[in-house]
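I opened a fresh page to keep track of what I look up, going from whole chains down to single residues.

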Amino acid sequence: MTEIAARDLPRLTLLLGAGGVGKTTLSAALGLAHARAGRRAALLSVDPARRLRTALGLAEVPEHGARVALSGAAGTLDAALLDPSASLRRWVAEASPDAARGDLAANPYFVALADRLAGLADAIGCVRAVEWAERDPSLAELVLDTAPGRSAVELLARPDKLMAFFDGRLMRWLVRLARLGPARRGGRLLAGLGDVSGTRTLRDVGELLSAIEAAAGDMVARLERARRWLRDAATSLVVVCGVSDDAAEVAASLDRAVRDLGFAPSLFVLNRALAAPPGWTPLIAGDAPAPGHAFARYVRSYLRTQDRVRARLGAGQVRVIDVPDGTLDAPSRLDALAALGEPLREALEPRGSSAARRRRSSRAA
Amino acid sequence: MTPGMLPPVVFVLGKGGVGRSTIAAALGAGFAARGERVLIAQWTVADPISPWFGCPPAGYAARPIAPGLATMNFTAEAALEQYFVEHLGLRAFYRMVVANRHVRAATRAAPGFEELMFLGTLMWLTTLARGELGWSYDHVIVDAPAMGHGASLLAVPHVTATLGLGGLLATECARVAAMLADPARSAVLVVSTPEELAVEETREFWPRIARELDRPPVAAILNRSVGALGELPDGPRACGWLAAIAAGDARAGIDRLYAHFVRRRRRERALVDEFAGRAPLGAIAVDDALLVDDAPSPRQVVTRATAALQPLWRAS
């Protein structure tokens with residue numbers, strides 16, 4: 001069942017990690033590396049920094065997606081912004097083109113829900129990813145950049161939660177309340193809730209839900225697909241970590257959290273790693289004299305922290321790769337970005353080119 | 001508000017990865033050192049702060065981590081039960097309605113609900129607990145979720161107010177809104193670093209926070225400041241130690257690190273100029289611990305930050 005459902009979906013790669021470790025940049029880099037390798041790739045990303053948008057040659061990344069202009073690449077890369085509010089509005093408008101758009105825009109709950117709160121962002125990200133894959137069947141790779149820390153785990157846990165919301169008996173009661181007045185079954189429960197939030201509120205929420213209901217069928221179906229897609233053997237969870245003890249702590253807690261949900265990370269990435277200089281060990285050893293200048297002390301401290309973080313990430317069964325700091329200020333920014341993503345792409349190849357793997361491991365040793 | 005005096009509830013907001021937990025812990029340790037009873041309220045997957053103080057991660061129940069200093073890690077489910085059972089005394093109602101699995105499924109997915117519970121918990125801890133338990137915290141430092149979600153916390157009372165809520169939720173919303181609106185009861189600190197994305201996000205969210213609260217954040221904390229570096233060496237290999245280490249593959253990396261530093265310093269100056277005049281307590285720099293100590297432990301980083309944050313309570 002799982003195999004059949006997943007076979008016609010592209011390969012999914014999710015990047016998780018603490019804030020500021022470079023998830024968005026590495027997601028874009030991985031997408032570009034896929035395109036350079038001749039794959040049809042898609043990137044679904046949180047709003048990237050200006051410098052990264054410039055590097056991709058996009059003034060902005062729209063919700064519906066835009067093609068990144070690549071010269072001489074065999075594949076393609078389309079990038080879209082994760083914008084739950086815009087996606088939700090679009091789905092409701094597509095489901096009932098005539099009436100729903102106006103109603104929904106006027107409903108204070110929808111405005112509040114859509115524009116000011118981020119509670120459903122991750123589940124909607126999943127739905128968006130499935131929608132994209134369904135509408136572009138030739139897509140081979142989908143890279144999903146996630147919100148930092150805690151939210152990323154919700155993305156994995158939330159499909160069930162959101163389905164419970166849309167599918168739940170309470171929603172059906174509320175919709176019926178909005179349309180027909182109090183439902184006979186659930187009457188006592190609704191009366192109790194009315195004491196908590198006011199009866200009018202329940203009716204307003206019911207109206208909102210019945211507007212969304214038109215789109216909810218597709219959403220629930222896509223969430224169910226997303227749930228299976230996330231659990232597919234070809235799906236990769238990449239935990240990105242930076243050179244800091246805090247980031248290592250978040251990486252370790254994400255690792256535990258996704259394992260609790262029955263997933264396992266495929267790869268740890270130590271981002272912005274400094275290549276080990278030859279003969280550096282005595283220079284950064286604990287008893288070596290401290291360098292005089294603050295920048296030199298910083299470099300030494302950085303190398304020591306990096307050693308500690310790498311040891312921590314490498315303690316489990318998950319592979320760890322180093323990715324150097326990339327500069328996006330170079331004239332050939334796209335090339336620089338694609339080069340950054342290449343080791344990541346190689347590491348995620350199912351059976352990989354074993355030669356490349358050997359090369360990497362010998363360099364790391 | 002008297003300069004140098006922070007109200008009972010202090011929200012520490014900032015982009016993911018800028019060091020909110022470090023600043024929250026530093027602030028909490030600073031108040032506790034002055035003899036106050038302080039709680040650091042976190043809302044995160046795993047509490048990072050307790051281990052810095054040599055304690056196991058905290059759950060929903062507050063746990064002491066140092067003299068005068070306790071921490072907790074919020075979960076909506078535990079808060080909901082506490083709210084209805086202990087605070088409202090509605091155990092039967094909680095069991096019949098709130099704990100009903102259909103209601104649970106809906107409330108867990110309902111946007112804004114967990115946020116409202118979080119704010120309600122903070123208010124209970126700083127004010128209502130005094131009447132119910134006989135004591136309350138002098139300060140609750142809120143290690144808020146990352147910026148987007150963290151800033152949406154401040155919007156929760158407005159959102160629910162426009163929704164025409166009635167019943168208990170409306171009462172709760174009104175109380176929380178009053179707490180957020182009162183500068184004598186709550187304040188926001190915004191943490192940034194001289195990194196590109198953090199600076200962009202600070203610029204984007206500052207006016208939004210000011211609009212939600214109808215006043216600006218009380219201070220901008222510039223974490224991982226490179227101010228301690230003084231004048232940079234002329235190049236990435238200017239001193240002998242750097243020349244020795246910047247060989248082979250490492251050279252390009254160290255050159256990039258140096259270029260990164262030059263950019264950070266430029267951004268930091270721009271950021272301080274921009275925010276110093278926009279917050280009542282100005283912009284406060286906290287040095288990048290990697291510049292000051294050699295491979296510092298998180299606890300050392302917190303101690304350094306406490307010292308750097310002195311301007312926040314010195315005058316009180």
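**Entry 1: the chains.** I began with burial, and of the 365 residues of chain A, 51% count as buried. I noted that this is a predicted model, and I kept that in mind throughout. For chain B, I found that 52% of its 316 residues count as buried. Turning to secondary structure, I listed 16 helices and eight strands in chain A, while chain B comes to 13 helices and eight strands.

I then looked at contacts between residues at least 6 apart in sequence: in chain A, 76% of them join residues at least 24 apart, and in chain B the share is 71%.

**Entry 2: a helix pair in chain A.** How do helix 12 and helix 14 of chain A pack? I read that helix 12 (residues 245–260) and helix 14 (residues 294–313) of chain A meet at an angle of about 10°, with axes 10 Å apart. Because angles under 35 degrees count as roughly parallel, helix 12 of chain A is roughly parallel to helix 14 of chain A. On the side of helix 12 of chain A, the contact is made by A:D245, A:A248, A:A251 and A:A252, and helix 14 of chain A brings A:T305, A:R308, A:V309, A:R312 and A:L313. Sorted by class, the contact of these two helices has five nonpolar, one polar and three charged residues.

**Entry 3: the core.** I looked up the largest nonpolar core, which has 186 residues, and those with the most contacts inside it are A:C241, B:V12 and B:L189. I followed A:C241 further and, leaving aside neighbours within four places in sequence, found it in contact with residues including A:A248, A:A251, A:V309 and A:L313. Those four names also appear in the contact of helix 12 with helix 14 of chain A.

**Entry 4: the sheet in chain B.** I traced an open sheet of eight strands in chain B, with the order 3-4-2-5-1-6-7-8 and mixed pairing. Which strands stand at the edges? They are strand 3 (63–66) and strand 8 (283–287) of chain B, and each has a single partner strand, so one side of each is left without a neighbour in the sheet. From one strand to the next, the twist averages 25°.

Helix 1 (residues 20–33) of chain B packs on this sheet, and its direction makes about 170° with that of strand 5 (139–143) of chain B. Helix 9 (residues 196–213) of chain B also packs on the sheet, touching strand 1 and strand 6 of chain B, and its direction makes about 170° with that of strand 6 of chain B.

**Entry 5: strand 7 of chain B.** Strand 7 (residues 219–225) of chain B is joined to strand 8 of chain B by four bridges, and the two run parallel; here B:A220 stands opposite B:A283. Strand 6 of chain B also pairs with strand 7 of chain B in the parallel sense, over four bridges, and B:S192 has B:L222 as its bridge partner. Is strand 7 of chain B enclosed or open? Seven of its seven residues are buried, so strand 7 of chain B is largely enclosed by the rest of the structure.

**Entry 6: one residue.** I ended with B:A219, which lies in strand 7 of chain B. Why does B:A219 count as buried? There are 25 other C-beta atoms within 10 Å of B:A219, and a residue is buried if 20 or more lie within that distance. Leaving aside neighbours within four places in sequence, B:A219 is in contact with B:L189, B:A279, B:L281, B:G282, B:I284 and B:L312. Of these, B:L312 is 93 residues from B:A219 in sequence, yet 8.7 Å away in space, C-alpha to C-alpha.

How values were computed
Residues are numbered from 1 along each chain as its sequence is written. Chains are lettered from A and ligands numbered from 1 in the order in which they are written. This is a predicted model: local features need pLDDT of at least 70, side-chain atom pairs count only at pLDDT 80 or more; totals for chains, interfaces and linings use all residues. Axes are lines fitted to C-alpha atoms, for helices over the stretch in contact, and angles run from 0 to 180 degrees between N-to-C directions. Angles under 35 degrees count as roughly parallel, over 145 as roughly antiparallel, 65 to 115 as roughly perpendicular and the rest as oblique. Two residues are in contact if their C-beta atoms, placed from the backbone, lie within 7 Å. Ala, Val, Leu, Ile, Met, Phe, Trp, Tyr, Cys and Pro count as nonpolar, Asp, Glu, Lys and Arg as charged, and the others, Gly among them, as polar. Two strands pair if DSSP finds at least two bridges between them. A residue is buried if 20 or more other C-beta atoms lie within 10 Å of its own, exposed if 12 or fewer, and partly exposed in between; C-beta atoms are placed from the backbone. A nonpolar core is a set of buried Ala, Val, Leu, Ile, Met, Phe, Trp, Tyr and Cys residues joined through C-beta atoms within 7 Å.
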